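Work through these short exercises with the model open. Each task is followed by a solution in steps.

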Amino acid sequence: MSYDYRSEDLTTSLVFRLHEGTPEVVRNVLLERGWVEYDEEEQDENDWNLYWRSGFTSAEYENIMPWQRLIHYPKIVGITRKDNLARNLKRMSGIYGSTIYNFSPTAFILPNDYTKFVAEYTRDKKANGGKLGYWICKPVDLSRGRGIFIFQDIKDLSYSCSVIVQKYISNPLLISGYTFDLRIYVCVTSFCPLIVYIYQEGLVRFGTEKYSLATLDNVYAHLTNTSINRFGPSYTTDKERVGSGCKWTMSQFRAFLHSLNINELLMWQRISNIVTMTLLTITPSIPSPPNCLELFGFDILIDDNIKPWLLEVNYSPALIVDCNADVIVKKALVYDLIDLLNYKEVDTLRQRGYPTPWKYNALSRSHPSFCVTNSFKNVPRLHLNTSRRAFMNPSKETGSTTQNNSLLYFQRSCCRSNMYNQGEDQEMDSQKAEEESKFRVSKESFSHFPHFTVYNSGKNLKKVYSSLGASSGCCSDSKECSKNVKLIKLLPKKTVTSQLREKMNKSYVRTQNPMNQVMLETRTAQSVGHLSKMGPRFSSVNLQKYKLASIPLYSISDIDKKPMNRIGDFILTFPFNEVTLKASQDPLNLRTIMQELQKMQKILQEPKNAKRKSESQRPGSFDRKGSFGSFLWGPRNPPLLSEYCFQK
Ligand code: ADP
């Protein structure tokens, strides 16, 4: 690979790639931050760091390079299409109870659910003494308020495409008579474990005419879409308290809540729970390719009892800047989103090129780039004789030092992703070893990652080892492994100097980033003459250089190895303690997560000045040690969860 053609800018800057329709604010922020735009004619097809587009093909997810980030996850349509969202929420409500999943208005997908809708419509009418309730009908795959109407009488319901009919929240909280909803920006940096950040700023979107149930067909009074209200006759009018236009920032809204003496924290926590519980509906089904990020726009309506309702979840929330509130919120949002990617200014990985795509396994929820701990108990091991499922799960049977944890953690990931993607046609030589191993191990895969660790609970370690083409250097370490689990380091000891090995280990501990490690390993191998076919050669001297230019794992705090509590104005809302962190890994423990969410809500509901029992006595109290200093999302300077929940 030759990069001679590249300008100095290209070799020293991060490179972004945008789709034609990407809002200008994205380009502007990236350019302001010193990034350079990708040039298709000039550059190699993988010579970029960030691709911002409305969606990606599975091949693009599969062939992602270690230095690249895609701005979407696959399969998130499970919550971003109105009918899927309704279906998924109904399913979760069936499992975990309608008192937990009671944050979305009752919905029916028509035409399929027509009979059920009629039954509910009739029941509702009866319950209200013959008075008709209010319903809203929305096409399932349209956005920006298109095709939406509100009705009372079923004879006014007509549709020519698939729609959802939802209970209309007819008692919204009003500001000077105007209805509004909240646009909450949510960023998921990992689905396994689930890591969720909510942006502190956000938008409040108003209807531009006074709300009235007497005028159901007045879209400016009932719908809060900017795309509609921008064309309303009162858009530019200086409306009482709301002002001109149709948007506020979230900070303006907070000032309003203050003036009403509303228990803000409880409301924000409810919204945070809604976000988590909605994401959990799809978490088990999202394959986790590495290096992806998803920005969602959650639309929340607050009723006059200060209960938040989820209206919908938007994929690629609009980033068009067309008023002051947009300028304040969206530019900073994109800025902080870039920080979530956590690139250093100079990206050495891309510059040097890396020939093997970092493939992901479509069946797996787990992936390496977001592992949030270096504690060995949470690190899945590679068991040669195990099922795929068990392979994903942490094994309890071994213990190890931190250094080896990171090593294994990375190694497991590399091996797994390669095996799963190439395994079919590249079997092991030894039939017996294959029988033992239960799944196929590719010699080629291992040769890409020449010194990795394999755990095997069987006896034929040497056979497995030799079948993989390693000649010597097998070491089993009974201290690190339990009785029947042995450790093989396939990189022959002789070929790696102790100095280099020490450097590598230090680096694993320091960076905790498998993306770095994959490069580091490859290059280390090259430096000791192992993989001449694998890209540029590296010596132990430039290995040091490489380490300096490595990209740290972006959501991990250096101090406690937990997801960062705050990145810019993005506040970590999930996981919020050790229990939820553990429960959101593979296998996902939804019940435990629900319990923890409920506990926290209960604590927040307690009157602030109520006399608190001792922590251990209080039902639903958190383990202070386990709450890892998470913030309660919401107010501008959010209190620490531990401080708020444990204050005496
Ligand atoms: P779209 O994707 O077309 O914007 P939404 O579901 O967001 O569809 O609905 C558009 C607007 O209609 C919302 O912003 C809100 O103002 C209003 N709306 C939608 N559903 C409800 C509901 N169930 N109750 C009250 N208002 C609603």
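**Exercise 1.** Sort the shell around the ligand by residue class.

*Solution.* In this predicted model, the shell has 9 nonpolar, 6 polar and 8 charged residues. The shell counts 23 residues, and K138, G145, T224, N225 and E312 come nearest.

**Exercise 2.** Find polar atoms of the protein close to N or O atoms of the ligand, and state how much of the ligand is buried.

*Solution.* Start with G145: a backbone N or O atom lies 2.6 Å from a ligand oxygen. Next take N225, whose side chain places an N or O atom 2.7 Å from an oxygen of the ligand. Then go to K167, where a polar backbone atom is 3.0 Å from a ligand nitrogen. Now the area: the ligand alone exposes 530 Å², and the protein buries 98% of that. Last, the elements: β6 (135-139), β8 (163-167), β13 (294-302) and β14 (308-315) each give two or more residues to the shell.

**Exercise 3.** Classify the ring pair F117 and Y121 as stacked or tilted.

*Solution.* Count the aromatic pairs in the structure: 21. For F117 and Y121, the ring centres are 5.9 Å apart and the planes meet at 50°, so this pair is tilted. Both residues belong to helix α6 (residues 114-127), 4 residues apart, about one helical turn. F117 and Y121 are both buried.

**Exercise 4.** Do the same for F253 and F256.

*Solution.* The centres are 6.1 Å apart with 20° between the planes, and the pair is stacked. F253 has 0% relative accessibility, so it counts as buried. F256 is buried too, at 5%.

Definitions and conventions:
Residues are numbered from 1 along each chain as its sequence is written. This is a predicted model: local features need pLDDT of at least 70, side-chain atom pairs count only at pLDDT 80 or more; totals for chains, interfaces and linings use all residues. Side-chain values use heavy atoms; hydrogens and water are left out. A residue is near a molecule or strand if one of its heavy atoms lies within 4 Å of it. A polar contact is a pair of N or O atoms within 3.5 Å; within protein, one must be able to donate a hydrogen and the other to accept it, and residues adjacent in sequence count only if both atoms are side-chain atoms. Accessible areas come from the Shrake-Rupley method with a 1.4 Å probe; for residues, only the protein chains shown count as cover. Ala, Val, Leu, Ile, Met, Phe, Trp, Tyr, Cys and Pro count as nonpolar, Asp, Glu, Lys and Arg as charged, and the others, Gly among them, as polar. Rings of Phe, Tyr and Trp (its six-membered ring) pair if their centres lie within 6.5 Å; planes under 30 degrees apart count as stacked, over 60 as edge-to-face and the rest as tilted. Buried means under 20% relative accessible area, exposed over 50%, partly exposed in between (1.4 Å probe, protein chains only).
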